[in-house]
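Dear colleague,

I am passing a structure on to you with this email, and since it will be new to you, I have written down below what was found in it. Please look through the sequence and the model first, and then read on.

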Amino acid sequence: MENAIQLILAQMQSVLNSPQLKRLKTVLTEILPGGKTIKDDSELLPLFLTAKEVEGCSSKTIEYYRSTLSLMTETLAKPYTQIESDDLRKYLNDYEASRGSSKVTIDNIRRIMSSFFSWLEDEDYIVKSPVRRIHRVKTVQVAKEVLTDEDLETLRNVCGTKRDLAVIDLLVSTGMRIGELVKLNIEDVNLAERECLVMGKGNKQRPVYFDARTKLHLEEYLHARADHAPALFVALDSSARRVTIGNLEQRLRKLGKSAGVCR
């Protein structure tokens, strides 16, 4: 029956406009036996978020999707089947103007909307995604400043603990994110091969490699540890708690300030 509905819609595309096609699909689905049951809008967002969770998106990403799409839904106050490209363009424009958001933020919102409406289209809840006509927002690519060799040496010199020195060397040597570093366990590190397995975005694991200096500082740090905690990096107190992103960022800022390195 789904195939029959799609054939009817294809035949009527040259005669009906987009809202009329959507209405026709709704009527056909509700009347014809075996048609797809149209769900209430309040059910669709949770279903979409569940689909993203199954795909491996992190809890933070899921929450970002939820808050972004919930605000869009509340602001537009229209059924998803009636939302058009102009509605979304106006929403993005108003969002940017009222909040002073960057182009990067606006394009992130556009991408989330595109993912949601494409899912609605793929699942046959709407005929066509209204985001198709909204092009990627052009953003200015700003080159990030990097630390010079002199900055790094100054930063290493102010490290008062073996842990801080190992942290800095591992970050610099591998280029991994702090969020990835704090998840590492000792068993994830192969000192002989100078390799560690990092769990990145989407729960995807990848190997990264570090240099000889980092290996030596990791060995010194691990040999100095008296606990049996599985985490690679733990708090500096005696609790042996896994270090958090916030703790580590705060520590690095403090070290940077002490070293006179502002970036």
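In what follows, two residues are said to be in contact when heavy atoms of theirs lie within 4.5 Å. Please also keep in mind that this is a predicted model.

With that meaning of contact, and not counting residues up to four places away in sequence, Ser-101 touches Tyr-95, Glu-96 and Ile-106. Ser-101 itself is found in the loop between helix α5 (85-99) and helix α6 (103-122). Its relative accessibility is 16%, and because buried means under 20%, Ser-101 counts as buried.

The sheet may be a good place to look next. It is an open sheet of 3 strands in the order β1-β2-β3, with antiparallel pairing. Strands β1 (189-190) and β3 (205-209) stand at the edges, each with a single partner strand, so one side of each is left without a neighbour in the sheet. Strand β2 (residues 195-199) is joined to β3 by 5 bridges, and these two strands run antiparallel; within this pairing, Leu-197 has Pro-207 in β3 as its bridge partner.

Thr-174 deserves a paragraph of its own. This residue lies in helix α8 (residues 162-174) and is buried, with a relative accessible area of 18%. Leaving aside neighbours within four places in sequence, Thr-174 is in contact with Val-208, Tyr-209 and Phe-210. The side chain of Thr-174 also reaches the backbone oxygen of Leu-170 at 2.6 Å, while a polar atom of that side chain lies 3.2 Å from the backbone nitrogen of Met-176. Finally, Thr-174 and Thr-214 are 40 residues apart in sequence, and their C-alpha atoms are 9.6 Å apart in space.

That leaves the cysteines. How many disulfides does a search of the whole structure find? The search finds 0. For Cys-196, the closest cysteine sulfur is that of Cys-159, and because the two sulfur atoms are 18 Å apart, they are too far from each other for a bond; a disulfide would need them within 2.5 Å. Cys-196 counts as buried, at 1% relative accessibility, whereas Cys-57 is partly exposed, with a relative accessible area of 22%.

With kind regards

Conventions:
Residues are numbered from 1 along each chain as its sequence is written. This is a predicted model: local features need pLDDT of at least 70, side-chain atom pairs count only at pLDDT 80 or more; totals for chains, interfaces and linings use all residues. Side-chain values use heavy atoms; hydrogens and water are left out. Two strands pair if DSSP finds at least two bridges between them. Helices (H or I, at least four residues) and strands (E, at least two) are DSSP runs, numbered from the N terminus. Buried means under 20% relative accessible area, exposed over 50%, partly exposed in between (1.4 Å probe, protein chains only). A polar contact is a pair of N or O atoms within 3.5 Å; within protein, one must be able to donate a hydrogen and the other to accept it, and residues adjacent in sequence count only if both atoms are side-chain atoms.
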